[in-house]
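Biologist: Please take a close look at the nonpolar interior of this protein, and set it against the chain as a whole.

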Amino acid sequence: EPLVLMIDNQICGHAGLIPIKIKINDKQEDAIWFTDFFIDPQHRSKGYGRLLTEEWMKICPIQITFCNDQSLKIFKKMNWSFNNKITRKIEFNNYFKLLPIFRKFNSSNFNLTSTNNLKHVELDNTILDKIIDQYSLQLSSKSLSIIRDENWFKWRLMECPYKNRIHIFKFKDFFFITHIKFKNNFKILNIIYSSTLITDEVKNVFLRFSKKNNIDYVAYLSTEKKLNNILPWNRKLNFAYYTKDSATSNMFEEHFNDAHLIDSDVDYL
């Protein structure tokens, strides 16, 4: 349940959360994603953001979030740690679409056609079981990871409020969960979960699919250090985390590379 800040019987701020479990070596720990942190502009710089964060931190011993620079200032005052190892990357089909005049006639309709290498498959329990099986095998080899079990996947996908915009693709033996949306006259394909790394081969397969289906760009998370990360549309995310246990904090700093857009609200925003 979210936390709500009330001032004179008016809602002036809120903080959402997503409960999760994290694997740390061979143990499971409770944690929460911090999402939808907002203070009404007229009430900012008065300590309300800190107050809301203090209440939020009482709920669970481990907190993690992707946050903007404004929120990060508050978290740093609360002794949170952070890094910028994860980049939200964008691959354009046509760079002319960066100019509004070239996308003002875009349609919001999506009639998806599979390509030879990338197959569009229906989201159902059979496909979901295959995705979960692949993930379970990968989880066993990780020292630090978010635990996405059957209940988590079914909650995140089958009960998703924008389920009609969630699309599953298969490439070779790997599955990709995507969120396809229309925003600012852009047609966007967010790869929100993948059962393998987004290599150049995978990226090019999705770009060919996007070109065939008039999708303007593909977005995904990457921990690879590449020169094109400095392009203005490739954004380094603030990954912030808090725990009183120093060993767990060090694990986040050194080993956490398992974030997907599906985990928080980044793909929706």
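Modeller: The radius of gyration of the protein chain, taken over C-alpha atoms, is 19 Å, which agrees with the value near 18 Å that a compact globule of 269 residues would have, by the rule of 2.2 Å times the number of residues to the power 0.38. This is a predicted model, in which local features need pLDDT of at least 70 and side-chain atom pairs count only at pLDDT 80 or more, whereas totals for chains, interfaces and linings use all residues. Residues are numbered from 1 along each chain as its sequence is written, and side-chain values use heavy atoms, with hydrogens and water left out.

Of the 269 residues in the protein chain, 49% are buried, meaning under 20% relative accessible area with a 1.4 Å probe, protein chains only. The largest nonpolar core (buried Ala, Val, Leu, Ile, Met, Phe, Trp, Tyr and Cys residues joined through side-chain atoms within 4.5 Å) has 43 residues, and Phe153 and Ile177 touch the most other members. Helix H3, residues 125–139, gives the most to this core, with six residues; helices here are DSSP runs of H or I, at least four residues long, numbered from the N terminus. Leaving aside residues up to four places away in sequence, Phe153 touches Leu128, Ile131, Ile132, Tyr135, Arg148, Met158, Ile177 and Tyr193, where contact means heavy atoms within 4.5 Å. A second, separate core has 20 residues, among them Leu17, Phe34, Met57 and Leu72. In the protein chain, 70% of the contacts with a separation of 6 or more are between residues 24 or more positions apart.

Note on methods. Buried < 20%, exposed > 50% of the residue type's maximum accessible area, 1.4 Å probe, protein only. Helix = DSSP H or I, 4+ residues; strand = E, 2+ residues; numbered from the N terminus.
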